[in-house]
Amino acid sequence: MYEPGATGREASDLVFVVAHGFTGDVDRPHVRRIAAAFARHGAVVTFSFRGHGASGGRSTVGDREVLDLAAAVTWARGFGHARVVTVGFSMGGSVVLRHAALYADDGAAGTDAVVSVSSPARWYYRGTAPMRRLHWVVMRPAGRLVGRYGLRTRIHHRDWDPVPLSPVQAAGRIAPTPLLVVHGDRDGYFPLDHPRMLAEAAGDHGELWLEPGMGHAEHASNEALLDRIGDWAVARAG
């Protein structure tokens, strides 16, 4: 989906490509709210990852979704936008990190700045109750049925092979592309060691915002935070 953006230089020059979290999709109200907020700062492209909503295929929970994001970025550049900012939430936050690392030298599919919100730093984390429930949904046949019929998310039954580059490894390979890591201090999924690991791996090209009182991902991102992210993107993307 293509959202018209702000007027002026941002509208013709800058586009936000939004990567939603696990079980989200382009038609979810919280994803549309994110797109509307960023449209105040530039053009916006949103899409549904494979296996989510009306999109075809099956979710690989952050692995091959990097190909979906690369296709969306290429599509966005086709409208003539010279600057692309990828913004990802939770699973999408891990995808934008890996995408930036893997497509760093690709002028068509690469990005000019990265914003990762509420992302894990490492795979297979089960240290919180929400993440243990998520692993049950992904790993068990009964859980995948819940995903398909209850969450509109069709999940692939195969394990990762090979295991993809981890978010923290990817964060160390993004430079010199600017990276913003955003995380709430009340995130129920991933504690604060995750964003701190990502920011440390990014080094001087990474910036960390620890948001007081914020929970997890899109639902916890208020309008003031989204506007600050938009301003950061306008200033940093090229």
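**Note on the predicted model**

1. Charge first. The protein carries 26 positive and 24 negative side chains. The centres of these two sets lie 8 Å apart. Note that this is a predicted model.

2. Overall build. The protein contains ten helices and seven strands. Its radius of gyration is 16 Å, close to the 18 Å that the globule rule gives for 238 residues, so the protein is as compact as a globular protein of that length. The C-alpha trace spans about 50 × 35 × 35 Å along its principal axes.

3. Burial and surface. Of the 238 residues, 57% are buried. The exposed area of the protein is about 10,000 Å². Carbon and sulfur atoms supply 53% of that area.

4. Contact range. Take the contacts between residues at least 6 apart in sequence. In this set, 79% join residues at least 24 apart.

5. Largest nonpolar core. This core has 41 residues. Which members touch the most others? They are V17, F22, L69 and L179. Several elements each supply at least two residues of the core. The strands among them are β2 (14–19), β3 (43–46) and β6 (179–184). The helices are α3 (65–77), α4, α5 (129–139), α7 (167–171) and α8 (193–202). Another core, of 26 residues, lies apart from this one. Its members include V85, V87, V115 and I229.

6. F22 in detail. F22 is one of the residues of the largest core that touch the most other members. Leaving out residues up to four places away in sequence, F22 touches H52, S59, V61, M91, L134, V138, T153 and I155. One of these, V61, comes up again below for its backbone.

7. Positive phi at T23 and V61. Most residues other than glycine have a negative phi. T23 departs from this, with a positive phi of about 75°. T23 sits in the loop between β2 and α2 (29–38). V61 also has a positive phi, near 55°. The loop between β3 and α3 holds V61.

8. Are these two residues buried, or partly exposed? T23 counts as partly exposed because its relative accessibility is 22%. V61 has a relative accessible area of 17%. Buried means under 20%, so V61 is buried. Both values are worth reading beside that cut-off of 20%.

9. Cis peptide bonds. Most peptide bonds are trans. A cis bond joins D161 and P162, with omega about 0°. P162 lies in the loop between α6 (141–150) and α7. Another cis bond joins A175 and P176, where omega is about 10°. P176 belongs to the loop between α7 and β6.

10. G107. Where is G107 found? It is in the loop between α4 (91–102) and β5 (113–117). G107 counts as exposed because its relative accessible area is 63%, and exposed means over 50%. G107 and T74 are 33 residues apart along the chain. Their C-alpha atoms are separated by 9.0 Å.

Notes. Residues are numbered from 1 along each chain as its sequence is written. This is a predicted model: local features need pLDDT of at least 70, side-chain atom pairs count only at pLDDT 80 or more; totals for chains, interfaces and linings use all residues. Side-chain values use heavy atoms; hydrogens and water are left out. Helices (H or I, at least four residues) and strands (E, at least two) are DSSP runs, numbered from the N terminus. The radius of gyration is taken over C-alpha atoms; the globule rule is 2.2 Å times the number of residues to the power 0.38. Buried means under 20% relative accessible area, exposed over 50%, partly exposed in between (1.4 Å probe, protein chains only). Contact means heavy atoms within 4.5 Å. Accessible areas come from the Shrake-Rupley method with a 1.4 Å probe; for residues, only the protein chains shown count as cover. Lys and Arg count as positive and Asp and Glu as negative; His and the chain ends are not counted. The place of a charge is taken as NZ of Lys, CZ of Arg, CG of Asp or CD of Glu. A nonpolar core is a set of buried Ala, Val, Leu, Ile, Met, Phe, Trp, Tyr and Cys residues joined through side-chain atoms within 4.5 Å.
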